[in-house]
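Me: Please take a close look at one part of this model, the surroundings of the bound molecule, and then follow the chain outward from there. I would like a careful, connected account rather than a list.

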Amino acid sequence: MQKIIVTGGTGYIGSHVVVDLITKGYQPIIIDNLSNSERSVLEGIKKITDKDVEFADIDLCDREATLSFFEQHRDSIGVIHFAALKSVGESVEKPLKYYRNNLDSLINILQGMESYNIPNLIFSSSCTVYGEPDALPVTELSAIKPATSPYGHTKQMGEEIIMNFLKSNSNVKAISLRYFNPIGAHDSAYIGELPTGVPSNLMPYITQTAIGKRECLSVFGDDYKTHDGTALRDYIHVCDLADAHTMALEKIIGDSNSKNYDTYNLGVGTGYSVLDVIKSFERSTDQKLNYKIAPRRAGDVSAIYADNTKATKEL
Ligand code: UD1
């Protein structure tokens, strides 16, 4: 069975990808420091797949521990790298934490791949690399504009570091997947979006408000130039996103003619406003949500959604 190292595999997207990989016959090995996830996710994965997944509680910023893990798993055919800090607002307040964590960890992973000849990488990137776009929808050829947050900048720098790395490691291939806004959960509900502490993303904040765990949802800004003044995003189901990771991996493993580096937008191609999402949630659950309009959040763009033609055609 082919082994794949999954960093951040107990996290929201990572855990769904682990399930997808197992279902498709791969053997994922998880490395995660549980900084924004719980060990109990492993039980959820087991309930769905009936498999125990190997798990290492390691901080990828710890170079020695990371390299020793890679040495131990040098027979892996690839790495899917999710582990990163991802809160746009927090990154504006604590930029050094974001640069330190997201870049040190990536550099240690690439070092591990180089030292132990692991030839394939799928990198968790983000539509945030496009900054505030000039035209919508964005394609993979849209300009990489200045990042609106340190979080976004770490994703832009991450892509560049990988491209430079590939120039001196011609045996390695990589794909950066630029996610729009993943939401939802596995059908079984054994895994889902379970951030520790106060959620910073919209959907878990909505669901936690609905169950009474949070008092009131703040809608960040109603003065954007959109149909109702609230910001537009492209919300994609996390299982579709997970499926796309396995497809991307299979493309670089199985297609000897594939480029050594490529990027794909992963979104559905439609922009919905924050109020659209709230109303849709209220309609489908038949429950009123307690929300208020609040000031804009630092680092947010007004509107972004994907042109997903390339992923649809090539993956
Ligand atoms: C951003 C990135 C996305 C990345 C994600 C990781 C951009 C354009 N997108 O998503 O690629 O995967 O971070 O965290 O940078 N909102 C509220 N109230 C809340 C929470 C959110 O109104 O309590 C609003 C936000 O202002 C935004 C929308 O809901 O307009 C979605 O926010 P969120 O779920 O945090 O994701 P993004 O910031 O869009």
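Reply: Of the 25 residues around the ligand, the ones that come nearest are Lys86, Ser126, Ser218, Arg233 and Asp300. The model is a predicted one, and the distances that follow should be read with that in mind. Oxygen atoms of the ligand have polar partners in both side chain and backbone: a polar side-chain atom of Asn181 lies 3.0 Å from a ligand oxygen, while a backbone N or O atom of Ser200 lies 3.3 Å from an oxygen atom of the ligand and a backbone N or O atom of Phe220 lies 2.9 Å from one. Taken on its own, the ligand has 740 Å² of accessible area, and the protein covers 95% of it. Two elements, α7 (202-210) and β8 (217-220), are the ones that give two or more residues to this shell, and the largest share, 4 residues, comes from β8.

From the ligand one can turn to the loop between β5 and α6, where Ser149 has its place. With a relative accessible area of 4%, Ser149 falls under the 20% cut-off and is therefore buried. Beyond its neighbours within four places in sequence, Ser149 is in contact with Val88, Ser91, Val92 and Gly299. For Val88 the separation along the chain is 61 residues, yet the C-alpha atoms of Ser149 and Val88 are separated by 6.2 Å. The loop between β5 and α6 also holds Pro137, and the peptide bond leading from Leu136 into Pro137 is cis, with omega near -5 degrees.

Helix α6 itself covers residues 150-167, and its length can be checked with simple arithmetic: at 1.5 Å a residue its 18 residues should span 26 Å, and because the end C-alpha atoms are 26 Å apart, the expectation and the model agree. Among the buried residues of this helix are Pro150, Tyr151, Gly152, Thr154, Ile162, Phe165 and Leu166, and the polar or charged side chains of Lys155, Gln156 and Glu159 belong to that buried set too. The buried residues of α6 pack against several elements, namely α4 (88-93), α5 (95-115), β5 (120-126), β6 and β11.

Thr154, in helix α6, shows part of this packing residue by residue. Its relative accessible area is 3%, so Thr154 counts as buried. A polar atom of the Thr154 side chain lies 2.6 Å from the backbone oxygen of Tyr151, and, leaving aside neighbours within four places in sequence, Thr154 is in contact with Tyr98, Tyr99, Asn102 and Leu103. Helix α5 is also the place of Asn101. At a relative accessible area of 18%, Asn101 is buried because that value lies under the 20% cut-off. With its neighbours within four places set aside, Asn101 is in contact with Cys61, Ala84 and Leu85.

On the strand side of the α6 packing, β11 (residues 261-266) is mostly covered, with 6 of its 6 residues buried. In a regular strand, side chains alternate between the two faces of the sheet. Tyr261, Thr263 and Asn265 point one way from β11, whereas Asp262, Tyr264 and Leu266 point the other way, and all of these residues are buried. Strand β6 (residues 173-179) pairs with β11 in the parallel sense over 6 bridges, and within this pairing Leu177 stands opposite Tyr264 of β11.

Two loop residues elsewhere in the chain deserve a note on their backbone. Asp50, in the loop between α2 (41-49) and β3 (54-57), has phi near 65 degrees, a positive value in a residue other than glycine. Ala189, which lies in the loop between β7 (181-183) and α7, likewise has a positive phi of about 65 degrees although it is not a glycine. As for their surroundings, Asp50 has a relative accessible area of 65% and is exposed, and Ala189, at 61% relative accessibility, counts as exposed because its value is over 50%.

Technical notes:
Residues numbered from 1 in each chain as written. Predicted model: local features only at pLDDT ≥ 70, side-chain atom pairs only at ≥ 80, totals over all residues. Heavy atoms only, no water. Buried < 20%, exposed > 50% of the residue type's maximum accessible area, 1.4 Å probe, protein only. Pairing = 2+ DSSP bridges. Expected span 1.5 Å × (residues − 1). Contact = heavy atoms within 4.5 Å. Near = heavy atom within 4 Å. Polar contact = N/O pair within 3.5 Å; in protein donor to acceptor, adjacent residues only side chain to side chain. Areas by Shrake-Rupley, 256 points an atom, 1.4 Å probe, with all protein chains shown as cover.
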